[in-house]
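Dear colleague,

Please find below the structure that I am handing over to you. My notes on what was found in it follow.

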Amino acid sequence: MVLKLILATMVGSAVRSRFAEPAVPKAIVATATDDLEMEPCPIEPSWIIAGKPEARRSLHSRSADDQATTAIWDCTAGTFHWHFGWDETVVILEGEVRVTGEDGAERLLKVGDIAYFPAGSSAIWHIDEYVRKIAFGRREFPGAVNMALKLRDKFRR
């Protein structure tokens with residue numbers, strides 16, 4: 001089965017590269033963060049521990065394969081659990097948040113700080129006043145696709 005998947009991936013790559021249409025230039029997506037229209041992005045009510053945090057989000061961009069996104073997210077004061085369905089890297093743009101990881105370690109994230117949250121992890125977010133972040137999300141490909149991509153990359157070297 002794995003051998004068939006490897007062979008199919010190699011054949012598909014060869015056919016694609018041989019009969020590929022001329023490359024069409026991709027547009028650059030550039031926007032000032034303050035120009036993005038923020039929309040309500042309610043926190044799951046069962047996740048809220050304290051306060052009445054109100055979150056908003058604006059999607060800046062999405063990759064062609066839907067596996068990666070860039071968004072601006074902000075939230076008012078409150079404490080809540082957050083479960084990460086995707087890998088997420090954040091950069092704090094304004095305010096600060098105390099994040100307690102599954103290991104019990106608490107980290108203060110403030111303006112300019114960067115943090116990575118792996119898919120499947122959880123954390124408790126405690127926001128005293130307000131936080132605004134840029135979030136880079138990446139969805140993991142299914143296991144068989146990941147393996148095929150790794151093999152493809154080995155053959156390319």
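Which element supplies the largest share of the lining of the largest pocket? That share, 5 residues, comes from β4. Before the details, two remarks on the basis of these notes. This is a predicted model, in which local features need pLDDT of at least 70 and side-chain atom pairs count only at pLDDT 80 or more, while totals for chains, interfaces and linings use all residues. Residues are numbered from 1 along each chain as its sequence is written, and side-chain values use heavy atoms, with hydrogens and water left out.

Overall layout

The chain has 2 helices and 8 strands (DSSP runs numbered from the N terminus, with H or I over at least four residues for helices and E over at least two for strands). Read from the N terminus, their order is α-β-β-β-β-β-β-β-β-α. Of its 157 residues, 27% are buried (under 20% relative accessible area, where over 50% is exposed and the range in between partly exposed, with a 1.4 Å probe and protein chains only). Counting contacts (heavy atoms within 4.5 Å) between residues at least 6 apart in sequence, 65% join residues at least 24 apart.

The core

The largest nonpolar core (buried Ala, Val, Leu, Ile, Met, Phe, Trp, Tyr and Cys residues joined through side-chain atoms within 4.5 Å) holds 19 residues, and Cys75, Phe80, Val97, Phe117 and Trp125 touch the most other members. At least two residues of this core come from each of β4 (68-83), β5 (87-101), β7 (114-117) and β8 (122-138). The largest share, 5 residues, is that of β8. Beyond its neighbours within four places in sequence, phenylalanine 80 has contacts that include Ile43, Trp47, Trp73, Cys75, Trp125 and Ile127.

The pockets

A pocket is defined on a 1 Å grid over the protein atoms alone, as an open set of points where a 1.4 Å probe fits, with protein on both sides within 12 Å along at least five of seven lines; its lining residues have an atom within 4 Å of a point. The largest pocket contains about 300 Å³ of space (the volume filled by probe spheres set on the points, which are joined across faces, edges and corners). Its lining has 15 residues, with Arg57, Thr69, Trp82, Glu88 and Ala135 the closest to its centre. By class, 7 are nonpolar, 4 polar and 4 charged (Ala, Val, Leu, Ile, Met, Phe, Trp, Tyr, Cys and Pro count as nonpolar, Asp, Glu, Lys and Arg as charged, and the others, Gly among them, as polar).

The second largest pocket has a volume of about 160 Å³. Among its 13 lining residues, Val99, Gly101, Arg107, Tyr116 and Phe117 lie nearest its centre. Two or more lining residues are given by each of β5, β6 (106-110), β7 and β8, and the largest share, 3 residues, comes from β7.

Two buried residues

Threonine 70 lies in strand β4 and counts as buried because its relative accessible area is 15%. Its C-alpha is 6.3 Å from that of glycine 137, although the two are 67 residues apart in sequence.

Serine 121 is placed in the loop between β7 and β8. This serine 121 is also buried, because its relative accessibility is 13%. Leaving out residues up to four places away in sequence, serine 121 touches Trp82, His83, Phe84 and Glu102.

With kind regards
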